[in-house]
Amino acid sequence: MLEILAALAWGAMELALALSGKWFVRVISLGRWRGESLRGSEGRMYGPAGALSFTRDGQRVFTWNGMQLAGLAFYVLLGFVTLVASSLR
């Protein structure tokens, strides 16, 4: 039972990182870049093996792993800004 709960928690964390990474990429690039569809397999078809992003039709597309990395970067940046803001008080 504990393994099932751990797998569900890990899946929820991966989904949260990917969705926040997809949002973060779109905001930072002002809409020029995008994340691949969560149900799609664009990364497997068009991107090289292990790629974090690739170019398709002139637009940069982030794969599932790239979106997770961008989401992790977003939360690290958010934590750093929060730490600096709390130290300035």
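**How we know what we say about this fold**

Modeller: One oddity to start with: just after H1, Leu30 takes a positive phi of about 55 degrees. Keep in mind that this is a predicted model.

Colleague: Fine. What makes you say that H1 has the reach expected at 1.5 Å a residue?

Modeller: H1, residues 2–28, has 27 residues, and its first and last C-alpha atoms are 38 Å apart. The expected figure is 39 Å, so the two are close.

Colleague: And how do you know that the span of H3 agrees with its 24 residues?

Modeller: At 1.5 Å a residue H3 should span 34 Å, and its end C-alpha atoms are 35 Å apart, which agrees. H3 runs over 64–87.

Colleague: Why is Ala18 called buried?

Modeller: The cut-off is under 20% relative accessible area. Ala18 has 0% relative accessibility, so it counts as buried. Ala18 sits in helix H1, where Leu17, Ser20, Gly21, Phe24 and Val25 are among the other buried residues.

Colleague: Why does Gln68 get the word buried too?

Modeller: Gln68 has a relative accessible area of 14%. Buried means under 20%, so Gln68 qualifies. Gln68 lies in helix H3, whose buried residues also include Gly66, Met67, Ala70, Gly71 and Phe74.

Colleague: What does Ala18 touch, not counting residues up to four places away in sequence?

Modeller: Ala18 touches Trp64, Met67 and Gln68. From the other side, Gln68 is in contact with Glu14, Leu17 and Ala18, again leaving aside neighbours within four places.

Colleague: What covers the buried residues of each of these helices?

Modeller: For H3, the cover includes H1, S1 and S3. For H1, it includes S1, S3 and H3.

Colleague: How far is Ala18 from Arg60, in sequence and in space?

Modeller: They are 42 residues apart in sequence and 16 Å apart, C-alpha to C-alpha.

Colleague: On to the sheet. How do you know that S2 and S3 pair?

Modeller: Pairing takes at least two bridges. S2 and S3 have four, in the antiparallel sense, so they pair. Within that pairing, Phe54 stands opposite Val61, and Ser53 has Phe62 as its bridge partner. The hairpin has two residues between the strands, and Asp57 there takes a positive phi near 55 degrees.

Colleague: And what makes S1 and S3 a pair?

Modeller: Two bridges join S1 to S3, and the cut-off is at least two, so they count as paired. The two strands run parallel, with Gly35 bridged to Phe62 in S3.

Colleague: Why is the pairing in this sheet called mixed?

Modeller: S1 and S3 run parallel, while S2 and S3 are antiparallel. The pairing of the open sheet, in the order S1-S3-S2, is mixed.

Colleague: Which are the edge strands, and what makes them so?

Modeller: Strand S1 (34–35) and strand S2 (53–56), each of which pairs on one side only.

Colleague: Last topic, the largest pocket. What is its volume?

Modeller: About 280 Å³. Of the 16 lining residues, Glu36, Gly43, Arg44, Thr63 and Trp64 are the closest to its centre. Helix H2 (42–46) and H3 are the elements that give two or more residues to the lining.

Colleague: How many residues of each class line the largest pocket?

Modeller: Five nonpolar, eight polar and three charged. Gly counts as polar, so Gly43 goes in the polar class.

Notes:
Residues numbered from 1 in each chain as written. Predicted model: local features only at pLDDT ≥ 70, side-chain atom pairs only at ≥ 80, totals over all residues. Heavy atoms only, no water. 1 Å grid on protein atoms, 1.4 Å probe; cavity = no way out; pocket = protein on both sides within 12 Å on 5 of 7 lines; lining within 4 Å. Points joined across faces, edges and corners; volume = space filled by probe spheres on them. Buried < 20%, exposed > 50% of the residue type's maximum accessible area, 1.4 Å probe, protein only. Contact = heavy atoms within 4.5 Å.
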